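Biologist: I've just opened this model and could use a guide. Could you walk me through it in plain words?

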Amino acid sequence: RRARRLAARAGAALGRPDHARQSDLCPLRFPVSTVGESFMQQPSTSIIGMIVPPAAGLVPEDGARLYPGLPFIASGLGLGSVTPAGYDAVIESVVDHARRLQERGAAAVSLMGTSLSFYRGAAFNTALTEAMREATGLPCTTMSTAVVNGLRSLGLRRVALATAYIDDVNERLAAFMAEEDFVVAGCRSLGITGVDAMARVI
């Protein structure tokens, strides 16, 4: 119910015609429903599948550092640029990548690349996650959901954003955070659009 309310209010909340259309925020092919929180409630031996932006499909080093001993596999989207146009070119293939990871033995799937899941709004993030779950039968999540859950677990509501994105993507991130009931106090960014350059940001 909350996701449907967000979808109905999204155009007014974003206030920008280039990404305020309901069809952009939550296409009908992605059913909207509440996302479960069972992603990391898997046995320690389970394989975690990661949908990553670069075409090479390499597992990010962060996974092994944070969870040593936990096996990861990855599938690469082939994102061409860290821009809305770049996201549009690959977003329809996310569910297929989730299926491939499930076929390779993943017990849970995460969409990496935060902006891929927030750039069309909170309702779209929810719907895309549910579409992945329905296609695979697995717990699924996104980095946007992880950010929101992490902030809420710390009891935080007012945030400042430091990103590598261009202004358009920053505006969409701020709108997404507002839809999730966070207050954005400010934003500073690096204005990067290259996928390889983004990977080198520390």
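Biologist: Let's start with Thr-114. Buried or exposed?

Modeller: Thr-114 counts as buried because its relative accessible area is 17%; buried means under 20%, exposed over 50% and partly exposed in between, using a 1.4 Å probe and protein chains only. Keep in mind that this is a predicted model, where local features need pLDDT of at least 70, side-chain atom pairs count only at pLDDT 80 or more, and totals for chains, interfaces and linings use all residues. Residues are numbered from 1 along each chain as its sequence is written, and side-chain values use heavy atoms, with hydrogens and water left out.

Biologist: Where is the place of Thr-114?

Modeller: Thr-114 belongs to helix α6, residues 114-118. Helices (H or I, at least four residues) and strands (E, at least two) are DSSP runs, numbered from the N terminus.

Biologist: And what is Thr-114 in contact with, leaving aside neighbours within four places in sequence?

Modeller: Met-143, Ser-144, Val-147 and Tyr-165. Contact means heavy atoms within 4.5 Å. The C-alpha atom of Thr-114 is also separated by 9.9 Å from that of Pro-53, which sits 61 residues away along the chain.

Biologist: Ser-144 is in α8, right? Which residues are buried in α8?

Modeller: In α8, Ser-144, Thr-145, Val-148 and Leu-151 are buried. They lie on the same side of α8, because they cover an arc of only 135 degrees around the axis; the arc is that of the directions from the helix axis to the C-beta atoms. As background, an α-helix has 3.6 residues a turn, so residues three or four places apart point the same way.

Biologist: What covers the buried residues of α8?

Modeller: The cover includes α6, α7, β4, β5 (158-163) and α9 (167-179). Just after α8 comes Gly-155, with a positive phi of about 75 degrees.

Biologist: New topic, the sheet. In what order do the four strands come?

Modeller: The order is β2-β1-β3-β4, in an open sheet with parallel pairing. Two strands pair if DSSP finds at least two bridges between them. At the edges are β2 (72-76) and β4 (140-142), each pairing on one side only. From one strand to the next, the twist averages 20 degrees; angles run from 0 to 180 degrees between N-to-C directions, and axes are lines fitted to C-alpha atoms, for helices over the stretch in contact.

Biologist: How many bridges join β3 to β4?

Modeller: Three, with β3 covering residues 108-111. One of the partners of β3 residues is Thr-142 in β4, which bridges to Leu-111. Helix α7 (residues 122-136) packs on the sheet, touching β1 (48-52), β3 and β4, and its direction makes about 150 degrees with that of β4. Helix α8 (residues 143-153) packs there too, touching β3 and β4, at about 80 degrees to β4.

Biologist: How many disulfides are there?

Modeller: Zero in the whole structure, where a disulfide would be a pair of cysteine sulfur atoms within 2.5 Å. Cys-140 is buried because its relative accessible area is 6%, whereas Cys-187 counts as partly exposed at 26%.

Biologist: Last one: what phi does Asp-181 have?

Modeller: Asp-181 has a positive phi of about 70 degrees, although it is not a glycine. Most residues other than glycine have a negative phi. Asp-181 lies in the loop between α9 and β6 (183-189), and at 44% relative accessibility Asp-181 is partly exposed.
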